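Colleague: I have a few questions about this fold. Can we go through them at the screen?

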Amino acid sequence: MTDNKLKAQIKADVRLRAKNCCEYCYSQEKFSTHSFSVEHIQPISKGGNNNLDNLALSCQGCNNYKYNKTEGKDPITQSMVSLYHPRQQNWQEHFSWNQDYTLIIGLTSIGRTTVEVLRLNREGLVNLRNILYRMAEHPPSV
């Protein structure tokens, strides 16, 4: 298989595994104005690799805010904490939705830090979640 076909297959595998949702904010690609990216959870610049275990599907907002970050400051304890790792951790253990499913609530230091660093409750996302929830399209079943 050529290198380009292999890369295309890896991207397809990542999208399928993520059910076409951002693995951080759970935005659905079909409702986005921008294509999602396959991003490195552990950035190449920090020793990461191209293995499937190090790749996640990410919306452009989460991808841009994450950039090459792997940790951030917990807004409650002020200690440095690792960001959420979609391959090694369970989303439901670190995050929850508020009552109307518009806000992501960090349940743990990892969750709180990831919400802050990746800005998982950006105004546009909250507005989109509100509309999609009213249309019975949110939250996604991932």
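Colleague: Which residue in strand 2 does V38 stand opposite?

Modeller: Bear in mind that this is a predicted model. Strand 1 covers residues 37-40 and strand 2 residues 55-58, and they pair in the antiparallel sense over four bridges. The residue opposite V38 in strand 2 is L57.

Colleague: Which side chains of strand 1 are buried?

Modeller: In a regular strand the side chains alternate between the two faces of the sheet. Strand 1 shows that alternation. V38 and H40 point to one face and are not buried. Those on the other face, which are buried, are S37 and E39.

Colleague: Which helix supplies the largest share of the lining of the largest pocket?

Modeller: The pocket has a volume of about 320 Å³. Its lining counts 20 residues, with S27, S32, C59, L125 and L128 nearest the centre. Helix 2 (60-66) and helix 5 (123-134) each supply at least two of the lining residues. The largest share, five residues, comes from helix 5.

Colleague: How many residues of that lining are charged?

Modeller: Split the lining of the largest pocket by class. Ten residues are polar and eight are nonpolar. The charged ones number two.

Colleague: What is the radius of gyration of the chain?

Modeller: Start with the elements: five helices and six strands. For 142 residues the globule rule gives 14 Å, and the chain comes close to that, so it is as compact as a globular protein of that length. Its radius of gyration is 15 Å.

Colleague: What percentage of the residues in the chain is buried?

Modeller: Buried here means under 20% relative accessible area. Of the 142 residues, the buried ones make up 39%.

Methods: Residues are numbered from 1 along each chain as its sequence is written. This is a predicted model: local features need pLDDT of at least 70, side-chain atom pairs count only at pLDDT 80 or more; totals for chains, interfaces and linings use all residues. Side-chain values use heavy atoms; hydrogens and water are left out. On a 1 Å grid over the protein atoms alone, a cavity is a set of points where a 1.4 Å probe fits but cannot get out, and a pocket is an open set with protein on both sides within 12 Å along at least five of seven lines; lining residues have an atom within 4 Å of a point. Grid points are joined across faces, edges and corners, and a volume is the space filled by probe spheres set on the points. Ala, Val, Leu, Ile, Met, Phe, Trp, Tyr, Cys and Pro count as nonpolar, Asp, Glu, Lys and Arg as charged, and the others, Gly among them, as polar. Buried means under 20% relative accessible area, exposed over 50%, partly exposed in between (1.4 Å probe, protein chains only). Two strands pair if DSSP finds at least two bridges between them. The radius of gyration is taken over C-alpha atoms; the globule rule is 2.2 Å times the number of residues to the power 0.38.
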